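Good morning, everyone, and thank you for making time for this. I would like to walk through one structure slowly, so please keep the picture in view while I talk.

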Amino acid sequence: MAVRYETPVIKLAIERKLVTPVQHQQCRELVRKSRRIGLNTSIEEILIKQGFITREQIEELTEISRLGETGDLFAGYRLQKLIGKGGMGKVYSAVHEFTNRKVAIKILNYSYTKDETNVARFFQEVRALAKLNHPGIVTLYDAGKGGRRYYFAMELVEGPSLDQYVREKKRLPENQALAITKAAAEALGYAHKKNTIHRDIKPENIIIDDSNVVKVTDFGVVMHTDDDHLTLTREGYMVGSVHFASPEQVEGKRDIDGRSDIYSLGATLYFMLTGRTVYSGKNAQDILIKHVAGTWISPRRYNKNISIGTVRIIRKMMVKNRDKRYGTMEAVIDAINGNSKLMRVVVIILKIAIILTLVGVGIGAELFFKAGSLLLNMN
Ligand SMILES: Nc1ncnc2c1ncn2[C@@H]1O[C@H](COP(=O)(O)OP(=O)(O)O)[C@@H](O)[C@H]1O
Ligand SMILES: [Mg+2]
């Protein structure tokens, strides 16, 4: 006989084997008993109290079943786990029913759909991803509406965001931080050539997959420099994130270009190497002012191992006057390549110096012992 489930959440919990049928049965019994004594406890509450499932799991399943048109099926995708929460919506891992492809699906909150600017922003993001085809940028698979909600499905990147990654490791070795910066610069340089400025480059929007490939995501506030209609920045209204925004973004300039992403990527490199943001302050305003007029503390203050060459690169990426910054992502990549070559040459010179010193010490010691034994013989 088919089992009847109290709620869609319970059905999902059992289908996903978070709760066993035996546990379910036990809790049903408890619900009945509690009713008899006049209590109206839900089966979900009892499952939580019994320790069979956590409150977070119930909340996640509640959300999924609310979104799903049938159970966890939303627009042809089986929603699996909530993997990210953002300003306008939520990102889930999911499986496409027809093709079995694993995806990340971003679903816009219904309440946001009522505001035209948010919907336009959603389209801005989808259209940016649709025209960008690069291994360093998440690939768009599909977009549309599921019920009343807009969504888009993209390549699922299985790995932490750079923010989580750095926080876990405290800070990254210079070589690795430069390699990540170079990979992100390649992806962004490509986007810039396609007239697309990201405008929200920060560690949370860079994901590292399980084979260490760097992927840029979240084109939510992207600017299409070839399409005036899609540029949503109002005069004096800043987009981007407090810690990584360029001075020109803070000032609300409209003619933002690729150099703004260069500044934000420089701030991201600073974060990778030190585990700290370039500026801190009492409040957002305080930090924003520092991007425009503050003096930075050299990253070497926090990490003595950073080479002077790398400090120079970050400084030039983050010059407040954008005319004095690197002009393009290619220039950033060249500087990093030149720096690594320089570092390699310095390492080789150091190695040679050490070998010569050791050889010198060896010869010296041999002469010393020879002289010593000569003296002894003479005596
Ligand atoms: N394609 C993806 N694969 C894996 N995780 C993703 C993907 N896209 C987004 N995420 C996760 O979801 C979070 C929020 O997504 P994001 O696109 O940055 O939205 P928001 O504009 O809300 O910040 C990201 O920080 C990341 O952890
Ligand atoms: Mg984001």
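Let me begin with a question: from which domains does the shell around ligand 1 draw at least three residues each? The answer, in what I should say is a predicted model, is domain 2, covering 68-156, and domain 3, covering 162-341.

Staying with that ligand, we find that 19 residues surround ligand 1, and that the closest are G84, G86, A104, V157 and D218. If we sort the shell by class, there are 9 nonpolar, 7 polar and 3 charged residues, and if we look for strands that each supply at least two residues, we can name strand 2 (77-85) and strand 6 (149-155).

One of those closest residues, D218, deserves a second look, since D218 has a positive phi, near 60°, although this residue is not a glycine. D218 sits in the loop between strand 9 (214-216) and strand 10 (223-224), and it counts as buried because it has 23 C-beta neighbours inside 10 Å, where 20 or more are required.

K170 also has a positive phi without being a glycine, here about 75°, and its place is the loop between helix 7 (162-169) and helix 8 (174-193). K170, however, counts as exposed, because it has 9 C-beta neighbours inside 10 Å and the limit is 12 or fewer.

Finally, the interior: in soluble globular proteins, nonpolar side chains tend to be buried together. Here the largest nonpolar core has 84 residues, of which I105, Y151, A184 and M317 touch the most other members. Leaving aside residues up to four places away in sequence, A184 touches G136, I206, V214, V216 and L265.

Conventions: Residues numbered from 1 in each chain as written. Chains lettered and ligands numbered in written order. Predicted model: local features only at pLDDT ≥ 70, side-chain atom pairs only at ≥ 80, totals over all residues. Near = placed C-beta within 6 Å. Helix = DSSP H or I, 4+ residues; strand = E, 2+ residues; numbered from the N terminus. Nonpolar A, V, L, I, M, F, W, Y, C, P; charged D, E, K, R; others polar. Domains from an automatic or database assignment. Core = buried A, V, L, I, M, F, W, Y, C linked by C-beta atoms within 7 Å. Contact = placed C-beta atoms within 7 Å.
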